[in-house]
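This report describes the surroundings of a bound ligand and then turns to one loop residue. The sequence and the structure are shown first.

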Amino acid sequence: MRPTYLEVNLARLKQNLENIRNHVRPAKVLVVLKANAYGHGVDGVAPFIAPFADYIGVAIVEEGVYLRKLGITTPILVMGGTLSEQLPDFFEYDLTLAASSLDLLTAAEQLAESTRKRLKVHLKIDTGMERIGVREYEAEPLISKSISCSHLEMEGIFTHFANSEVTSLRETGIPMTPASLQLERFEEVLSIYERLNEPTPGIRHTANSGATLLLPQSYYEMVRPGVLFYGVYPARNIERTIDVKPALTWRSKVAYSKITQPGRGVSYGSLWQAESPARIVTIPCGYADGYFRRMTNQARVVINGKSYPQVGRICMDQFMVNAGGDEVKAGDEVTLLGDGISAEDLADWTGTNEYEVMTNISARVPRVYV
Ligand SMILES: *Cc1c(COP(=O)(O)O)cnc(C)c1O
């Protein structure tokens with residue numbers, strides 16, 4: 001196998017899910033497996049975790065189809081935008097539709113009627129993200145229509161927070177946090193059912209990781225933690241009220257070791273050179289693996305338990321590390337993430353967030369499940 005690989009600790013993911021579950025009880029937990037399970041590898045994570053999840057969330061219908069082909073039988077909600085031409089896959093693979101417009105809901109009802117097949121639907125309300133969904137001030141026609149859709153199973157209704165990790169009013173200037181404002185708009189929508197003398201759908205859900213941590217009023221019947229399930233907090237300033245731990249360790253081995261003399265630039269662009277003879281080692285991993293080129297001369301790795309700086313341009317398939325005066329040789333163990341290096345560190349070195357770091361570890365990096 002390739003010496004560069006991603007070790008995924010499945011027991012840890014299960015423990016994270018259990019700790020989240022204990023915190024939100026009696027709410028159910030939808031486990032978010034989109035984007036290759038946030039880079040962890042859906043082939044290994046999904047079959048292991050599905051029996052413990054109440055629901056699974058994916059972004060696009062293709063991800064739902066993929067999970068069904070893996071043999072996953074847990075209910076799956078496709079949370080993102082769907083085109084009406086994609087609807088047949090929802091019927092064929094028993095996927096739950098996020099009905100984000102009146103047109104989509106109408107097309108789904110027509111298809112359900114003509115094919116005489118069942119389809120579960122969650123209505124998608126936009127309370128402040130301006131992405132997909134029907135705004136709270138225009139939701140009544142969608143809800144009236146949904147009540148008259150006799151061929152669909154109206155199982156849920158949900159919304160998504162734009163700023164769930166913001167806790168302080170000072171950051172917003174308005175007399176409530178952005179998430180509680182969104183929650184108030186969601187409540188307005190739920191009150192439409194009361195006015196129509198109809199029950200609300202059985203599964204109301206709003207909470208992503210930030211709201212799961214900070215806004216218990218947002219739990220309703222189910223929460224949708226993504227990054228938190230993978231053991232990473234959605235922001236730095238949040239108090240650690242749910243005990244979760246990261247499950248990823250990105251490992252490699254030194255592929256080459258040499259002493260580099262001063263005056264000899266290292267890598268493309270010769271952006272770095274040694275001031276005195278230094279041991280420069282090459283790691284067989286690069287930006288095509290998701291080790292961002294933007295981390296050039298910023299990243300650090302751990303070799304034989306000690307931290308060293310990455311030097312010179314990160315290449316597509318390799319990068320170099322300055323081991324100084326230490327005896328580091330080909331075959332020595334390297335850690336790129338884990339062993340004290342967090343997804344937050346890689347995010348800082350890159351100028352992005354932890355989500356992008358994890359979801360960009362490419363398919364060329366084998367996933368090993370322990
Ligand atoms: C991705 C996603 C989530 C999970 O978000 P986290 O911030 O990772 O918890 C929840 N709900 C929806 C609709 C999403 O698209």
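In this predicted model, an oxygen atom of the ligand lies 2.6 Å from a polar side-chain atom of tyrosine 38. Two further side chains, those of histidine 160 and arginine 224, approach a nitrogen atom of the ligand. The distances are set out below.

| Residue | Ligand atom | Distance |
|---|---|---|
| Tyrosine 38 | oxygen | 2.6 Å |
| Arginine 224 | nitrogen | 2.9 Å |
| Histidine 160 | nitrogen | 3.4 Å |

For arginine 224, the side-chain partner is an N or O atom. The ligand taken alone exposes 390 Å², of which the protein buries 91%.

**Ligand environment**

The ligand occupies the largest pocket. The shell around the ligand comprises 13 residues, and the closest of these are Lys34, Tyr38, Ser209, Val227 and Tyr355. Tyrosine 38 is thus one of the closest residues and also contributes the polar side-chain atom at 2.6 Å from the ligand oxygen. Sorted by class, the shell contains six nonpolar, four polar and three charged residues.

**Serine 270**

Serine 270 belongs to the loop that links β12 (256-260) to β13 (278-283). Is serine 270 buried, partly exposed or exposed? The relative accessible area of serine 270 is 48%, so the residue counts as partly exposed, a class that ends at 50%, over which a residue is exposed. In sequence, serine 270 and glycine 312 are separated by 42 residues, while their C-alpha atoms are 6.7 Å apart in space.

Note on methods
Residues are numbered from 1 along each chain as its sequence is written. This is a predicted model: local features need pLDDT of at least 70, side-chain atom pairs count only at pLDDT 80 or more; totals for chains, interfaces and linings use all residues. Side-chain values use heavy atoms; hydrogens and water are left out. A residue is near a molecule or strand if one of its heavy atoms lies within 4 Å of it. A polar contact is a pair of N or O atoms within 3.5 Å; within protein, one must be able to donate a hydrogen and the other to accept it, and residues adjacent in sequence count only if both atoms are side-chain atoms. Accessible areas come from the Shrake-Rupley method with a 1.4 Å probe; for residues, only the protein chains shown count as cover. On a 1 Å grid over the protein atoms alone, a cavity is a set of points where a 1.4 Å probe fits but cannot get out, and a pocket is an open set with protein on both sides within 12 Å along at least five of seven lines; lining residues have an atom within 4 Å of a point. A molecule sits in a cavity or pocket if more than half of its atoms lie within 2 Å of its grid points. Ala, Val, Leu, Ile, Met, Phe, Trp, Tyr, Cys and Pro count as nonpolar, Asp, Glu, Lys and Arg as charged, and the others, Gly among them, as polar. Helices (H or I, at least four residues) and strands (E, at least two) are DSSP runs, numbered from the N terminus. Buried means under 20% relative accessible area, exposed over 50%, partly exposed in between (1.4 Å probe, protein chains only).
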